[in-house]
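Welcome! Take a moment to turn the structure around on your screen before you read on.

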Amino acid sequence: MVAADSEGPKDPGIRMFRRERSIPLQGSAAALCNNLSVLQLPARNLTLFGVVHGPSAQVLSAAPDGVPLAQRQLHVKEGAGVSAPHITQVHWCVLPFRVLLVLTSHRGIQMYESDGSIMVYWHALDSGDAPSVQAVFARGIAASGHFICVGTWSGRVLVFDIPAKGPNIVLSEELAGHQTPITDIATEPAQGQDGVADMVTADDSGSLCVWRSGPEFTLLTRIPGFGVPCSSVQLWQGIVAAGYGNGQVHLYEATTGTLNIQINAHARAICALNLAPELLSAAEDTFVHIWKLSRSPQNGCIEVEHCHSECVSDTQVCGAQFCDPSGSSFAVTGYDLTEILRFGSV
């Protein structure tokens, strides 16, 4: 195992970023991890942003220069209860044949057409097995092939089979690998390779489960936690990148669970990781870091280089994500921040 710090030599060819026009919000982002989802629509020259605040989620579209063009408010499906349940996450799931916007809450799971205009599916959470003192909720959303996977308070992961069109969505499987609530889920296209680990799930105890997706999901590796929650995960070329509540990022071999590198990335809890193709980490210490991941051509070992930092002063960062597949821009949300901050490469 190799330890790395957030400062180090920088490749002169690494790009830098600068602040660009912000996108205004109606209200601030809630203090939730992974509280930003971004979907680029190149054909329409638009970028969509999704942010959660209390019982509602904002979906905004913006032009490349950051000019906001439209926004929509999504709310938790009505049902029994004395108070409006809070939304826990909003996330776009890009499937081979369609894109759905998935919203999770303390009540259930809602799936919409990509612009949030039409709800195509609703799944209510069953609280029958929950102790009266434990909150019931869903959290952690990812697409894998033609499946959408959603984590729950019980540690189970619900797998939904998504048709090419229409509302005939089916709960096809429930994955049991965790004992504590799911925090995040990440997937990576397996590109037709048999036996390849292409999904990782994380929980409140810091434990990770690595899966092979398919008609039936198979648990390949279980990586034990160490008493610190894992708030965000990503998959990169068979490597699991996991961000923890102590500010560290760990890089594991997905197939074996071997810890390769431990990065002392942040001074406080990490709230978001993202890949495109560099690794972005954001934390409650007000910093967003960008890291270059590579494999040594000599021995295939993982190498990490710190590329760039941004400080969002006096702000509890709660979401950050690249805005395009090349990683040439990224966006950041923060608690009590009534705008989405945007940064573009120089």
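Here is a short briefing on the chain, from its overall build down to its cores.

What you see is a predicted model. The chain has 29 strands and zero helices. Its radius of gyration is 19 Å, close to the 20 Å that the globule rule gives for 346 residues, so the chain is as compact as a globular protein of that length.

**The chain as a whole**

- If you draw a box along the principal axes, the C-alpha atoms fill roughly 55 × 45 × 40 Å.
- Buried residues make up 56% of the 346 in the chain.
- The area that the chain exposes is about 14,600 Å², and 50% of it is supplied by carbon and sulfur atoms.
- Look at contacts between residues with a separation of 6 or more: 50% of them join residues that are 24 or more positions apart.

**A sheet that joins the two ends of the numbering**

- Strands of a sheet pair through backbone hydrogen bonds, in either a parallel or an antiparallel way.
- One open sheet here is built from four strands in the order β2-β29-β28-β27, with antiparallel pairing.
- Its edge strands are β2 (17-24) and β27 (316-322), each of which pairs on one side only.
- On average, neighbouring strands of this sheet are turned by 25° against each other, ignoring direction.
- Six bridges link β2 with β29 (residues 339-345), and this pair is antiparallel.
- To find a spot where these two strands face each other, look for Ile 23, which stands opposite Ile 340 in β29.

**The nonpolar cores**

- The largest nonpolar core holds 21 residues, and Met 111, Ile 148 and Phe 160 have the most contacts inside it.
- Six strands each supply at least two residues of this core: β8 (99-105), β9 (108-113), β10 (119-124), β11 (138-144), β12 (147-152) and β13 (156-161).
- Which strand gives the largest share of this core? That is β11, with three residues.
- Met 111 is a good residue to click on: leaving aside neighbours within four places in sequence, its contacts include Leu 100, Val 102, Tyr 121 and Ile 169.
- Ile 148 and Phe 160 are also among the residues in contact with Met 111.
- A second, separate core has 18 residues, including Ala 276, Ala 282, Val 288 and Phe 343.

Technical notes. Residues are numbered from 1 along each chain as its sequence is written. This is a predicted model: local features need pLDDT of at least 70, side-chain atom pairs count only at pLDDT 80 or more; totals for chains, interfaces and linings use all residues. Side-chain values use heavy atoms; hydrogens and water are left out. Two strands pair if DSSP finds at least two bridges between them. Axes are lines fitted to C-alpha atoms, for helices over the stretch in contact, and angles run from 0 to 180 degrees between N-to-C directions. The radius of gyration is taken over C-alpha atoms; the globule rule is 2.2 Å times the number of residues to the power 0.38. Buried means under 20% relative accessible area, exposed over 50%, partly exposed in between (1.4 Å probe, protein chains only). Contact means heavy atoms within 4.5 Å. Accessible areas come from the Shrake-Rupley method with a 1.4 Å probe; for residues, only the protein chains shown count as cover. A nonpolar core is a set of buried Ala, Val, Leu, Ile, Met, Phe, Trp, Tyr and Cys residues joined through side-chain atoms within 4.5 Å.
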